[in-house]
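Work through the exercises below with the sequence and the model side by side. Try each task before reading its solution.

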Amino acid sequence: MNNALLPVLVFSLLALALAIGMWLAGVLIGPRLKTPVKQMPYESGMDPIHDARRRFDVRFHLVAVAFLVFDVELVFLYPWAVALRDASGLAQLPGGTGTYGWLVLADVLLFIGLLAAGLAYVWRKGLFRWR
Amino acid sequence: MWEILIKSFVLAGGLMTAAAYLVLLERKMAAWVQDRCGPNRVGIPLTNIRLFGLGQPIADGLKFILKEEFTPAHVDRRLFVAAPIIMLTSALSVFAVIPFGDVIPPLKLWGWGWDRPIPLAIAPHMDTALLFVFALNSIAVYGVILGGWASNNKYSLLGGLRSSAQLIAYELALSLGILGVVLASGSLNIRRIVEMQAETGVWFVLAQPIGFVVFVTAAFAEAARLPFDLPECEQELVGGYHTEYSGMKLLLFLIAEFLHMVTAAMLIVLLFLGGWHFWGITSWADSNSWLGAILRVVVFAVKTVGVILFFMLVRWSWPRFRFDQLMALAWKVMLPLGLLSVAVVAVVEQSKLSGLESWLGRVPAAWLMVIPAWVVAALAWWVVAVAGPSISDNTPRREPAGWDVQF
């Protein structure tokens, strides 16, 4: 098979079919007995006071934003990581990776330094302090 | 096409069985740690043969099918059903790119067989395998947060929020740990990474100790195993995001969690512990001979089971982190350590490429560069563990005076 991605598709579809099939097996075989108490949200035997969809701590949102920033920046490092040893990548520079490689490395270290500076910034802003 | 289908079905079946028996293994392990017997009753049905409880997973599976398939009235029905299905699909699909050994050699028996080696992976030629692993890892977060949200239950919502915050925080550490490996091997293909380790004999755990620690910690957190099982800490949140789930849907979540642990163990072995390579053993026979192929599979399986047993032992011997300690560990310790690891590996690799390898030869250069990596690791360990504040300190963490600055 030439296409390297086809097996992934086949296996993912199989996994999906397996998951849905197991759920359907439970639906078809299991009994159905509904009672009003069973339909209530579980709160350790108490009657629930109000809906669960209320406000939650803004820190979860801040962490998500910080994650997005760092994750997107990290993704930029992956092409460089793959290209470093690749004959069709950085090794194609005149003189091989030996000559210009240190220049590229300095650039990347600068980039990592910027990431670290961003981390220090949000740290001192108190983003990671959970009470 | 037949090759793909056969491999897919064998792998899916094998993984489901493995997940079921890992539950039994974990219960036996718990029993051993707590000095009791564990499940030892269920054997062959209708007889008195007990077989050390080996029938327990089958009985559990049947019981799950026969349980009521129940959806409470207050939930968002579509998302409630979709969440466990997303979770299991993503947990299972990862194995499409994870190899289980090197190759099966050619075989001809009475005119039937195959004439070229068959790779022991579903998609062996996928060059973006690690990116695929990351992508599916992120989809698992959707399963958790959808499950928590759709349940419309306060325990579930809190569990889902905590869980998603934990998973995304440790995903950064996971990426940084893997980045060092990608840098040293120049490929995202897992087979290629294992080959790189086998060629020099320097496993990446030796060459990148900081990256290994960061990756293993992040893998524990991504698999939501103790000491990072905040998403479903029974004593605080009942069941976390799957409080409202029961029957088959709960089973899907539980299998997905065990598969996450298997994925994590396999990735640790493949990326850092040399995969199916072992000094002196795998060099006996070429991978195209039957002896070599079987040896490689056995070496890989033994390593994987070892890592899984380590996961279980940690679960039964460590207490759980508090949430602020967990986030502090992710952002204040693991992320800086990961950045340090990447910087060290980058400098090491560049110095190898620009002369060290051609001067010393590839293998001695690889062994030599282990020394600076461990020196930096020792320094980092000193800064984090000795000079810095203790991460498991139970007093509220205080930053030094004047730390908070309004920029």
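**Exercise 1.** Which residue does the side chain of B:Asn153 join in a polar contact, and at what distance? Place B:Asn153 in its chain, then list its contacts beyond its neighbours in sequence.

*Solution.* The model is predicted.
- Step 1: start with the side chains. B:Asn153 and B:Glu244 are joined by a polar contact of 2.6 Å.
- Step 2: locate the residue. B:Asn153 sits in the loop between α4 (129–150) and α5 (154–185) of chain B.
- Step 3: set aside neighbours within four places in sequence. In chain B, B:Asn153 then touches B:Thr243 and B:Glu244. From chain A, its contacts are A:Pro41, A:Tyr42 and A:Ala52.

**Exercise 2.** Is B:Asn153 buried or exposed?

*Solution.*
- Step 1: read the relative accessible area. For B:Asn153 it is 0%.
- Step 2: apply the cut-off. Buried means under 20%.
- Step 3: conclude. B:Asn153 has a relative accessible area of 0%, so this residue is buried.

**Exercise 3.** Describe the interface of chain A and chain B.

*Solution.*
- Step 1: count residues. Chain A brings 73 residues to the contact, and chain B brings 93 residues.
- Step 2: take the area. The two chains bury about 7,700 Å² between them. Carbon and sulfur atoms account for 73% of that area.
- Step 3: look for salt bridges. The rule finds zero across this interface.
- Step 4: look for polar contacts. Three residue pairs qualify, with both residues at pLDDT 80 or more.
- Step 5: name the elements of chain A. Those giving two or more residues to the side that touches chain B are α1 (6–29), α2 (58–75), α3 (77–83) and α4 (96–124).
- Step 6: rank them. α1(A) gives the most, with 18 residues.
- Step 7: sort that side of chain A by class. The split is 52 nonpolar, 10 polar and 11 charged residues.

**Exercise 4.** How many helices and strands does chain B have? How does its radius of gyration stand against the globule rule?

*Solution.*
- Step 1: count the elements. Chain B has 14 helices and four strands.
- Step 2: compare radii. The radius of gyration of chain B is 23 Å, and the globule rule gives 22 Å for 407 residues. The two values are close, so chain B is as compact as a globular protein of that length.
- Step 3: add the extents. Along the principal axes, the C-alpha atoms of chain B fill a box of roughly 80 × 70 × 45 Å.
- Step 4: check burial. Of the 407 residues, 58% count as buried.
- Step 5: check contact range. Take contacts in chain B between residues at least 6 apart in sequence. Of these, 77% join residues at least 24 apart.

Terms used. Residues are numbered from 1 along each chain as its sequence is written. Chains are lettered from A and ligands numbered from 1 in the order in which they are written. Side-chain values use heavy atoms; hydrogens and water are left out. Contact means heavy atoms within 4.5 Å. Buried area is the accessible area (1.4 Å probe) that two parts lose on being put together, summed over both. A salt bridge is a side-chain nitrogen of Lys or Arg within 4 Å of a carboxyl oxygen of Asp or Glu. A polar contact is a pair of N or O atoms within 3.5 Å; within protein, one must be able to donate a hydrogen and the other to accept it, and residues adjacent in sequence count only if both atoms are side-chain atoms. Ala, Val, Leu, Ile, Met, Phe, Trp, Tyr, Cys and Pro count as nonpolar, Asp, Glu, Lys and Arg as charged, and the others, Gly among them, as polar. The radius of gyration is taken over C-alpha atoms; the globule rule is 2.2 Å times the number of residues to the power 0.38. Buried means under 20% relative accessible area, exposed over 50%, partly exposed in between (1.4 Å probe, protein chains only).
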